[in-house]
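Please open the structure in your viewer and keep the sequence panel beside it. This tour proposes a series of selections and describes what each one shows.

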Amino acid sequence: MFTPSSYKETNLSQLQQQIEQTRLAVLVTHGEQGLQASHLPLLLDRSQGSNGTLYGHFAHANRQWQELANGAEALVVFAGPDAYVSAGYYPSKVEDPRTVPTWNYLAVHAWGKAEVFHDAERLLDIVRRLSDHHEQRQAKPWSVEEAPADYMAGMLRAIVGFALPIERLQGTRKLSQNRSAIDIEGVRTSLANSTDPLDNQLAALMRQP
């Protein structure tokens, strides 16, 4: 990922926070089947390894898990909020029209090689943890215990789990840092006044140190 030095995010805690806040990641591999990509919800265990370990599962019919089983390196993309930045957001444009639109965004890339497993207990643990995490906001959270045991056993046979220790992390935090203070405030105000929720999220992030 091309990241100018002014936009690099190297704080491990910030990188891990972005991973945890990304609801659906993209896992990319390259192997005998060529380039493969899957959109997956993942869990991060910060306590395992120097950068943490990612946990998730594939549908058994998704052959990409075989690439991981064969030792292929994976690139996992965690995309954060993004927003179009119009050149008109810059107050300095009144005196100097030499400016163009751009895009502000957050992104984290993680690399590593995964352990693939089929063990029912480990698979059930991942399914339970993923469900518990995403059910938190529901009025009546669902749990795996609500499903019949024989049904869950059948569902677990249809998936393949993996644990991916993160060997390398790269983060981009592009929030108009290359602009003057007055232009940064102009972008922040314009995004905060937008009707687009993602624009509002970017505006809030620009107010953080």
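**First stop: strand β5**

Begin by selecting Tyr 55, which is found in strand β5. Please bear in mind throughout that the model is predicted. Is Tyr 55 buried or exposed? Its relative accessible area is 11%, and Tyr 55 therefore counts as buried, the cut-off being under 20%.

Next, display the surroundings of Tyr 55. Setting aside residues up to four places away in sequence, Tyr 55 touches Pro 41, Leu 42, Leu 43, Asp 45, Gln 48, Ile 126, Arg 129, Phe 162 and Ala 163. Add Leu 130 to the selection: 75 residues separate Leu 130 from Tyr 55 in sequence, and their C-alpha atoms are 9.3 Å apart in space. Then show the side chains of Tyr 55 and Gln 48, which are joined by a polar contact of 2.5 Å.

Stay in strand β5, which spans residues 53-59, and select Thr 53. Thr 53 has a relative accessible area of 5% and is buried. Which residues is Thr 53 in contact with, leaving aside its neighbours within four places in sequence? They are Leu 43, Leu 44, Asp 45, Gln 48, Ala 163, Leu 164, Pro 165 and Ile 166. Gln 48 appears here once more: its backbone oxygen lies 3.1 Å from a polar atom of the Thr 53 side chain.

**Second stop: the loop between α5 and α6**

To move on, select Ala 192. Its C-alpha atom is separated by 35 Å from that of Thr 53, and the two residues are 139 residues apart along the chain.

Now select Ser 194, located in the loop between α5 and α6. A polar atom of the Ser 194 side chain lies 3.0 Å from the backbone nitrogen of Asp 196. Beyond its neighbours within four places in sequence, Ser 194 is in contact with Asp 199 and Asn 200. Select Asp 196 as well: this residue caps the N-terminal end of α6, with a side-chain oxygen 2.8 Å from the backbone nitrogen of Leu 198.

**Third stop: helices α5 and α6**

Select residues 181-192 for helix α5 and residues 197-206 for helix α6. The axes of these helices come within 7 Å and cross at roughly 145 degrees. The crossing of α5 past α6 is left-handed. On the α5 side, the contact is made by Ile 184, Val 187, Arg 188, Leu 191 and Ala 192; on the α6 side, by Asp 199, Asn 200, Leu 202, Ala 203 and Met 206. Sorted by class, the residues of this contact are seven nonpolar, one polar and two charged.

Which residues of α6 are buried? They are Asp 199, Leu 202, Ala 203, Leu 205 and Met 206. These residues lie on the same side of α6, because they cover an arc of only 160 degrees around the axis. A general rule helps in reading such a pattern: an α-helix has 3.6 residues a turn, so residues three or four places apart point the same way. To see what the buried residues of α6 pack against, display β6 (73-85), β7 (102-113), β10 (168-174) and α5.

**Last stop: the whole chain**

Finally, select the entire protein chain, which has six helices and ten strands. Its C-alpha atoms fill a box of roughly 70 × 45 × 30 Å along the principal axes. Of its 209 residues, 40% count as buried. Among contacts with a separation of 6 or more, 73% are between residues 24 or more positions apart.

Definitions and conventions
Residues are numbered from 1 along each chain as its sequence is written. This is a predicted model: local features need pLDDT of at least 70, side-chain atom pairs count only at pLDDT 80 or more; totals for chains, interfaces and linings use all residues. Side-chain values use heavy atoms; hydrogens and water are left out. Axes are lines fitted to C-alpha atoms, for helices over the stretch in contact, and angles run from 0 to 180 degrees between N-to-C directions. Helices (H or I, at least four residues) and strands (E, at least two) are DSSP runs, numbered from the N terminus. A crossing is left-handed if the near helix is turned anticlockwise from the far one by less than a right angle, and right-handed if clockwise. Contact means heavy atoms within 4.5 Å. Ala, Val, Leu, Ile, Met, Phe, Trp, Tyr, Cys and Pro count as nonpolar, Asp, Glu, Lys and Arg as charged, and the others, Gly among them, as polar. Buried means under 20% relative accessible area, exposed over 50%, partly exposed in between (1.4 Å probe, protein chains only). The arc is that of the directions from the helix axis to the C-beta atoms. A polar contact is a pair of N or O atoms within 3.5 Å; within protein, one must be able to donate a hydrogen and the other to accept it, and residues adjacent in sequence count only if both atoms are side-chain atoms.
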